[in-house]
Every structure is written in C-alpha cells, then in structure tokens.
Amino acid sequence: MTTTGKPSSTGLTLAEVRSRTELGQTNVMPSDTGRSFWRIMQANLFTLFNLIVGGSFALLLVLGYWQDALFGFFVIANVVIGVAQEFRAKLTLSRLAVLNAPRARVMRDGQVAEIRVGEVVMDDIFVLSAGDQVTADAVVLEAHGLDVDESLLTGEADPVSSPAGRELMSGSSVVAGSGLARVVRVGADSYAAKITAEAKQFSLVRSELRSGIAKIIKWITILLLPVGAIVVNGQMQAVGGWAVAIDTGLWREATVASAASLIAMIPQGLVFMTSVALAVGAVKLARHEVLVQELAAVEGLARVDMLCLDKTGTLTEGRMVLDGVEPLGSPDLDSASEAVLAWMGADRNANATSVALVARFTSPPTQSPVRAIEFSSRRKWSAVSFAGGPARGTWVLGAPDIVLADVPDATHALARFAERATAGERTVVLARSEVVLDPPVELADGERAPEPELPAGLRAVALVSFREKVRDDAHETLGYFREQEVELCVISGDDPRTVAAVAREAGIHHDGPGFDARTLPDDESELDAIMREHRVFGRVTPEQKKAMVLSLQRLGHTVALTGDGVNDALALKHADMGIAMGSGAAATRAVARLVLLDGQFSRLPRIVAEGRQVIANVERLAKLFLSKTTYAILFAVVFGALLWPFPFLPRQLSIVDGLTIGLPALVLALLPNIQRYRPGFLRRAARFCIPSGLIVGGTLISVVAYAYLGGADAAVVQTTAVITLTLTALWVLVILSRPFTLVTSLVVVAAYLGLPVLLFIPVVTDFLQLGAPPLELVLVAVGASIISSLVLEVTHRVLHHQ
C-alpha cells in the first residue's frame, strides 16, 4: 500500500487518518468465504436428478394423484440437508478470526486513543503494554523490555524479545514490557488476514460415504434419460399407443405408471438415512464434549491412517512442570537454595517456567528481599537479592549460557547443560553471588530504569530442569492408534529437540532429535522423500505445516491433524480431518471439522468408534437401497421393452419400500458396530447389490409374466407383484441384518408381519387399490419368493467367502 507521509513521534493527525481511510488503508478484514447462499441453493436444487424426481412429483400433484407422490418428501429433505450442511459450514468460516481484541490503543495528535480494530490505519503508532494484542503488522519504534507471545502464530512456546526495528505480526500478544510500534500492513495485507484467507475458503470435508453416494446418484442420473424414454414409450404403447392414450385420456394412467417405474430406480432414502446416521453420531459425540462442525466429519477419523499432532496444547497441557534439580559442587541442595527457589516460584511476577517450582519448593526465606529483577526473555534471567539470613546475597535464575558466560570454572555446568539441551530438556541454572544489590531507586516521571546487569562473583549452585506437562491421557490414546495401525507424526513450531523429548514421553518411539523444518526443501518430490522417512518435526512454519499435510496425502495417506494455534489453521483446512482443541484460537476452532470442547485428547478413540459405526451401517444401508435400484432398473427396461403395463402404482411401491427398506433402515442406521474401516465401500456394495437385485428382479418379472399370460386384470397383477416383491426383497433384509440381535430380529419379524396388514385390512387395501388374487397366483408368488430367497442365500454365501 502507498502512504501519505510518515507519522511524527506524536502519531498521525486527524487529517492524515481521514486521508488514509479514504484511500482504503484501514484494518478492515476481508470476509469472503466462497459461495453465496443463493449459489449454494442453486447447486443443491438445480440438478438433473432433482429435475427428474421433482418433475415427477409435481406432475403427479398436478394430475391429482397426491397419494402416489409420497416420494416427494425425500426430494425436499435431501435438498434441505445439503443446503443446511453447506450453509452452516459457510457461517462457521465467516466467524473465523485471528484477532479477538475488540479495541486497539494508538497515538494520534500526541494523545493515546482507544479505537476499534477496523479503524486502525496505515502508519498508526500502537501503544503497547502487557496484555495487548497486536492487531496489525507493525515495526517496533521503542521497546522497554518488550516480550511478545507468538505461540498461536508460529508454535514457538517461549516469548520473543522484540527490540526496536523488529516486526510484530498481527495476532501476537504482548506478555511483558511496553513499547511503540508503527503499523506497516493492514487489512487483507496483514499476517492475520493472509493466514486465514485460504482457511476461509469454503470446502466440504472429504467423505468416502458422501463421494460414493454422489457417484451412485451420478450413474443413476445418466441412466434415467435413456431408461426413462423406454419406460414412457412402453407405458403409452401398453394402453394402445400414443394416439389412443392422448385421445382417450389414458395417458394419465400411463404417466402414473411411468413415474412409478422411474422413481423406483432412485435410492431416495439413502442420502436421507445417511444424514440421519451422521446426525445421530454428531449428537452422541456432543454428549462427550466433541463438537461436530460438519456431519460428514463423524466418519472422517475412522478412515484416517496418519494422525499428525501438534505438541503444545495437544500432546502437552501447555504448562511447564519441574523435572529435576541437579546440585553442582555438592551432593545435595542446601536449605538456602531451596528457600530461594521457593521464593522465585511464588513471586507474583514469576514467569510460567518459574511458577512450576512451587510444586516442590514451598518454604521461602522469612525475610523480604531488598530487590527483585523479574525475568525478561531478552536478558534470559531473573534475580532476587537478600540482605541477611542464610540466603544473603544475590541469586540468579536463567539460561546457563548467559548467566555463566563470564563465570570461571563453569565448564562442568555448561557441559551438563549441553547434554540436557540435546536431550530436549528445558534447563536453567541457579547461581549465587555474595554481592547484595542496592534497593531500586524511585524514578522521575518519564524516566526509564537502566538495564540491570548480572552481579559479580557468581557461582553455579544447581541446574534446574523443566519439561512440558504431557497430557495424562496422551500415552494411552496414542497407544490405541498404534494398535489400530494409524501412524503418528508430531509437527511443531518449537525446538526439534524439545519436540522429540515430548514425543518420547508421550509414547511415540523416536530416536535422536526431531527434524529441523528450517532445512525442509521446497521441491515436492524431495519433501515427499523426507515425509516418507521422518515422523517428528520442529521449527515448522504454518506454510510448511500445510505443505507437509499435502505431501502425506500425495504419499497415499488419509491425514488427520490436531492443533490449537493459528499456525495450525492452514494445515487443518487441507487435512482430511482437522481437529481443534476447545481452548485453542478462535480461528483454529472455526476452520476445524471437529472441536474437542474440553481439550481431552482421550476423546479421539470415541470419535473413531462412532465413525466406524456410521460407515459400517451406511454400507449396510447402501446395499439395501441399491439392491432395490438394481431390480427397479431391470423392471423398467424389461416392462418398457415388452410394452407391458408397469405392475405397480407409485403408492404401492412406496409402501413396499417402507416395509422392506425404509422402516428397517431407521433401525439399521443406528446399530452398534465396531468393524474396522476398510476402503472400497462402493465396490463391496456393488458386489452385493447387483446379483441380489438381478435375482429379485428376475423373480418378480417371472411371476408378473405368468399373471399377465394367465389373463389376470391389472389390480390382481399388482397385488401379486406386491406379494412377490415384498417376500423376495425381505430376504435381502434378512441377510443384511446379520448377525442377529434382539433388535434386528424384531425388525425382520415386524417387516414380515407388515405384509398381512397390507393384504387384509380394508382401509389399507382400498388406499393401495389392491385386488384379491386367486389361490393359484398366491401360491406361485410365495413359491417363487421361497426359491428366490434360497438363491439369494447361496449367492451371498459364495460371494461373501470369496
């Protein structure tokens, strides 16, 4: 962006602010998330599939055959479900934000002004102090012990010292000190906007169930046009030809028969029941503190074979714990040293690392210190000085390579520090000097205290080691995934040695330090080679994390990624399954497919179990629905080619579908199932449904042909067809309901008992327009159904054991 002049030390004037605002140099964030609601509606509503099914539904209503238009419910339900899922994902993305600070403090006309984030303009001067969030990219002008936390952006756990001249990224926050910084990038050009721009782009979760069902619908849609032409012509010819049908009005009956034939080909309830199974899974997971952002995500984790883990906030709790104390120069730590460590841990200005000391050291010195110097990430040390008592002198706690740099005879301490650092431990040194520091002097207004210096005569007392607290449930959860043959990969922005140490403690087998991502190549093939061999990475940037996920996908893996920082957002977006911690950044939660609301890593096995249940049950449903599609296509082609009347009214087919598929599907979709996921559900479904559908279709065609050739009227033929199709199709249900449980047994028995209800209750028979077939036809229908059931059973056993 261009600017209209540099700001003075007093900040921009109101005229300069107005000028930049008119030029569009404001910090307003872009909000585009892809498709509009109207485009989402168009994509889900205006399809060839909906045109044919919806057209049949509308035509039957216009002709007054509302009883035969029951299938229209599924058309409406499928459109509503599709639009709702996409629009909900769009709304979630629209709330994605890296910046959560509602206000920013800037210098204008020599005065500090508090303004909305969107009102910040180019060249504004931020007034920063501890607790502030940096709301636009800025360069530090003045710094007074300014330490910035960039962990949500980079994954680096330690605060970063930010002297004058250093650039601050939007989305980082000030944890210590104060300073002034000039805004250099705003709005869409800022780091916060760029890191979320790609994440905000709309996309649906990768779902084998959804893509498989979409392929099925595509194939059926392609078949509908040619088969539909055969069906319509056949039904018109069956009533005497096109001319006769139009002249006599019989085209109405032919139209109803054609609609029945076409609608029978469409697995209307499959999409609906799949959505029901996923929705119930989402509700069950919500009871276990897992938020499902998109229904298809319920099945996602069950398909994963590579789980990528962030370190901070995922494997660890994000806090430090005391790991051990190694005395230097004596076998044990003396009481004075323990008291000083207790004081440093209890100090109200203690940083996150020092606070961990209170878990072991609880008795500080009784006297008050004469001076305390709080920790600074720039200095890398803190200090406290006592004027009397056993703890008399000055005690320094900090980085050994800084504190002991000028201390003679510190070789052993530094060597031990190097060994611990190589092992990934976070180690500081406690050093003591006999020098007592002078008390702090009062400063005049605007006067800055001089930078403190290390006291003379320091000697190393002890090395104090800390480690990040690994989640209590991490070891067991990771063990579960190893048992399930899911590979584990740790990707973090932290030091590779620290990452490797945490990975080992969490139970991930890894020797040596982690791979330093700063040496990762840009070339995709070279990156793929590294990703094939290595599983622990440190110093990873957000762009690299995304590239690593894409690399694993190129290598054939289905990738899940957990994370809690903004630095994880891009990778979460491109992973097959993005999982965010509930305590993580708002941007990360918005882009993730699943959110662990309580941050419990141990929820993941439950998600896998729920996903497996959904996948296994939907596969069973697909076999049930697609068997019907297969025999319906066979009916349509044969009866259309032979110019025979279609042997069903739409309402009769709807009721038979309800008995043999619809009502049982409501139960089968929700049954417990722990079967491990196997890829290729569509291939297995086709292997079952094609032979099953051909057997059922061949049986019905044979019985109907016998009835037509015997001179039976339409109502008798239709009744015979209802008996034959119900009994034959129910054996498909019997096969798919195994292994039998009390629930599945009751479902099958209830479905069989439904047939007498159709045939013997007058209200039902009148509505369905069923006749009373002679005993001969009933026996033929029942006998053919028994033979068909035996053939189905043998075929299933042969194919199942191949």
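Asp123 is buried in this predicted model, with a relative accessible area of 0%. The residue sits in the loop between β2 (111–116) and β3 (125–129), and its backbone is a bit unusual: phi is positive, at about 80°, although Asp123 is not a glycine. Most residues other than glycine have a negative phi, and most peptide bonds are trans. Glu289 also goes against that habit, with a positive phi of about 65° although it is not a glycine. Glu289 belongs to the loop between α10 (268–286) and β8 (290–292), and here the side of the story about burial changes: Glu289 is partly exposed, at a relative accessible area of 34%.

Two further backbone features turn up around helices. The peptide bond from Arg738 to Pro739 is cis, with omega near -5°, and Pro739 lies in the loop between α26 and α27 (742–760). Gly556, just after α20, takes a positive phi of about 95°.

Stepping back to the whole chain, the protein has 29 helices and 21 strands. Of its 802 residues, 55% are buried. Among contacts with a separation of 6 or more, 74% join residues 24 or more positions apart.

Much of the buried material can be followed through the nonpolar cores. The largest one has 121 residues, and those with the most contacts inside it are Leu301, Leu315, Leu604, Phe635, Phe648 and Leu725. Helix α23 (residues 604–642) gives this core its largest share, 17 residues. Apart from this core lies another, of 24 residues, with Val340, Trp343, Met344 and Phe466 among them. Back in the largest core, what does Leu301 touch once neighbours within four places in sequence are left aside? Its partners are Ala560, Met577, Ile579, Leu604, Ile607 and Val608.

Aromatic rings come next, with 10 aromatic pairs in the structure. A pair of aromatic rings is described by the distance of the centres and the angle of the planes. For Trp343 and Phe386 the centres are 6.4 Å apart and the planes are at 85°, so the pair is edge-to-face. It links distant parts of the chain, since Trp343 is in helix α13 (residues 335–346) and Phe386 in strand β12 (residues 381–386), 43 residues apart. Both partners are tucked away: Trp343 is buried, at a relative accessible area of 16%, and Phe386 is buried at 0%. Elsewhere, ring pairs tie Tyr631, Phe635, Phe639, Trp644, Phe646, Phe648 and Tyr708 into a cluster. Two of these, Phe635 and Phe648, also appear in the list of residues with the most contacts inside the largest core.

Rings also pick up charged company. The charged end of Arg651 sits over the ring of Phe767, 5.6 Å from its centre, and Arg252 lies over the face of Trp251, at 6.0 Å from the ring centre.

Trp251 opens helix α9 (residues 251–264). This helix has 14 residues and reaches 20 Å from its first C-alpha to its last, close to the 20 Å expected at 1.5 Å a residue. Is α9 covered or exposed? It is mostly covered, with 11 of its 14 residues buried; the buried set includes Ala254, Val256, Ser258, Leu262 and Ile263.

Helix α20 (residues 542–554) has 13 residues and spans 19 Å between its first and last C-alpha, close to the 18 Å expected. Its buried residues are a mixed bunch, including Pro542, Gln544, Lys545, Lys546, Met548, Val549 and Leu552. Further along the chain, Thr719 has its place in helix α26 (residues 714–736). At 1% relative accessibility, Thr719 counts as buried. Not counting residues up to four places away in sequence, Thr719 touches Leu759, Leu770, Gly771 and Pro773.

Finally, the cysteines. The structure holds 0 disulfides. Cys308 is in none, and its nearest cysteine sulfur, that of Cys489, is 4.5 Å away. Why is there no bond between Cys489 and Cys308? The two sulfurs, 4.5 Å apart, are too far for one. Neither cysteine is out in the open: Cys308 counts as buried at 0% relative accessibility, and Cys489 is buried with a relative accessible area of 0%.

Conventions:
Residues are numbered from 1 along each chain as its sequence is written. This is a predicted model: local features need pLDDT of at least 70, side-chain atom pairs count only at pLDDT 80 or more; totals for chains, interfaces and linings use all residues. Side-chain values use heavy atoms; hydrogens and water are left out. A nonpolar core is a set of buried Ala, Val, Leu, Ile, Met, Phe, Trp, Tyr and Cys residues joined through side-chain atoms within 4.5 Å. Buried means under 20% relative accessible area, exposed over 50%, partly exposed in between (1.4 Å probe, protein chains only). Helices (H or I, at least four residues) and strands (E, at least two) are DSSP runs, numbered from the N terminus. Contact means heavy atoms within 4.5 Å. The expected span of a helix is 1.5 Å times one less than its number of residues. Rings of Phe, Tyr and Trp (its six-membered ring) pair if their centres lie within 6.5 Å; planes under 30 degrees apart count as stacked, over 60 as edge-to-face and the rest as tilted. A charge sits over a ring if NZ of Lys or CZ of Arg is within 6 Å of the ring centre and within 35 degrees of the ring normal. A disulfide is a pair of cysteine sulfur atoms within 2.5 Å.
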